[in-house]
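Hi everyone, thanks for making time for this. I'd like to walk you through one structure today, so let me put it up on the screen.

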Amino acid sequence: MRSFREKYEVTVLPSHMLDSDLGDVVEAYDSKADRSWGCMVGWWLAVLAGLGLGIYNIYDASQRDARLSLVEQILPFAILAAGIIVHFVLLSRHNLCQRIFVCRQGVQWEKYNRRSGRISQSRTVYWEQVGSVVSKKIRRYTSKSKGDDSSIDRYQRTTRTLEINAPHGATLLKISGKYSNEHEQEELFTWIWFAVKAVEKQWASVRLPQLESILRDEGQVTMPVKGNHALVFTTEGVSYKDKTISAANIVAHWRSKDENLALRDASEKRNIVQKFLNLKELSIPVNTMPDGCLVLPLLHQLYGVEMH
């Protein structure tokens, strides 16, 4: 399946990133390919329709020797003035883009005007400042009645949010974006998906060696999970809630729709009903947990677990 990653990639680095103390740029993405003229075109069609109606009323009144009120006389000019003002507001928003540079030593995020190149906001985060990365995905649906006292849920959009947090929990950087992509097809993702995945990948290269060192020194690595639970990695295997799976028996299934990781014990046999209902599995909501993006690579690195 074709990927449109290249339309978001930054191929020419700005001068201030060529000698940045963040080190080499590993991946960089820009949101300007997602800018659409649809909103501005729709606005001007509405303005022209209102302006045309106002002019027609003036012309019609002159033909009938009728007198227009003051409001009716200035209405076309008010519509035109409002159109011009909103045009520049929309143009400013249209030209406002985001870009992110994922580097060896950290992340540089910027909001800038693509016409002038002026940077209005920026944030620099060094990996040594980071305690965790949280990648959230919320899929939104609307309920539509079928007319027989039942309803059907229809997919609307997905909101993807990335939070880079300090060890004590403070948010160092938070960015978000939307896309309409119910079946997770790569050519339908917007820039935010590629930006998030780039941060996750580089953070994994930084953090995984640290977690392995913690495991060797302390005997376990604990990762908090939503609901006051914890996923615990040891040299023997993994534990979650009241269940422990030995390293040799871990089977992992990745459910990309809701970004949950299902772990089960290969030594426990399941019948057809249990398989169909996903019973005897540990469901890990990595979508909302700090460093959830590290769970799969950590399972692979520690125990050689492959994703199914």
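I'll start with the overall picture, then go through the aromatic rings and finish with a sheet.

One thing to keep in mind as we go: this is a predicted model. The chain has 308 residues, and 37% of them are buried. In secondary structure, we have 6 helices and 14 strands. For those of you who like contact statistics, take the contacts between residues at least 6 apart in sequence: 54% of these join residues at least 24 apart. The accessible surface is about 17,800 Å², with 52% of that belonging to carbon and sulfur atoms.

Now to the rings. How many aromatic pairs does the structure hold? There are 7 of them. Let me pick out Tyr29 and Phe194: their ring centres are 6.1 Å apart and the planes make an angle of 25°, and since planes under 30 degrees apart count as stacked, this pair is stacked. What I like here is the reach along the chain, with Tyr29 sitting in strand E1, residues 25–30, and Phe194 in helix H4, residues 191–218, which puts them 165 residues apart. Both Tyr29 and Phe194 are buried.

Next, look at Tyr179 and Phe189. This pair is edge-to-face, with 5.1 Å from centre to centre and 90° between the planes. Tyr179 belongs to strand E7, residues 171–179, while Phe189 is in the loop between E7 and H4, so the pair ties together parts 10 residues apart in sequence. Tyr179 and Phe189 are both buried too.

If you zoom out a little, these residues belong to one cluster: ring pairs link Tyr8, Tyr29, Tyr179, Phe189, Trp193 and Phe194.

Let's turn to the sheet that contains E1. It is an open sheet of 4 strands in the order E1-E2-E3-E4, with antiparallel pairing. E1 and E4, the latter spanning 119–126, are at the edges with a single partner strand each, so each has one side without a neighbour in the sheet. From one strand to the next, the twist averages 10°.

E1 pairs with E2, residues 96–103, over 5 antiparallel bridges. As one example, Glu27 has Val102 in E2 as its bridge partner. And here H4 comes back: this helix packs on the sheet, touching E1, E2 and E3, with its direction at about 20° to that of E2.

One last thing to click on is Arg99, which lies over the face of Tyr112, 4.1 Å from the ring centre.

Thanks for listening, everyone!

Note on methods. Residues numbered from 1 in each chain as written. Predicted model: local features only at pLDDT ≥ 70, side-chain atom pairs only at ≥ 80, totals over all residues. Heavy atoms only, no water. Helix = DSSP H or I, 4+ residues; strand = E, 2+ residues; numbered from the N terminus. Buried < 20%, exposed > 50% of the residue type's maximum accessible area, 1.4 Å probe, protein only. Contact = heavy atoms within 4.5 Å. Areas by Shrake-Rupley, 256 points an atom, 1.4 Å probe, with all protein chains shown as cover. Phe/Tyr/Trp six-rings, centres within 6.5 Å; stacked < 30°, edge-to-face > 60°. Lys NZ or Arg CZ within 6 Å of the ring centre and 35° of its normal. Pairing = 2+ DSSP bridges. Axes fitted to C-alpha atoms, helices over the stretch in contact; angles between N-to-C directions.
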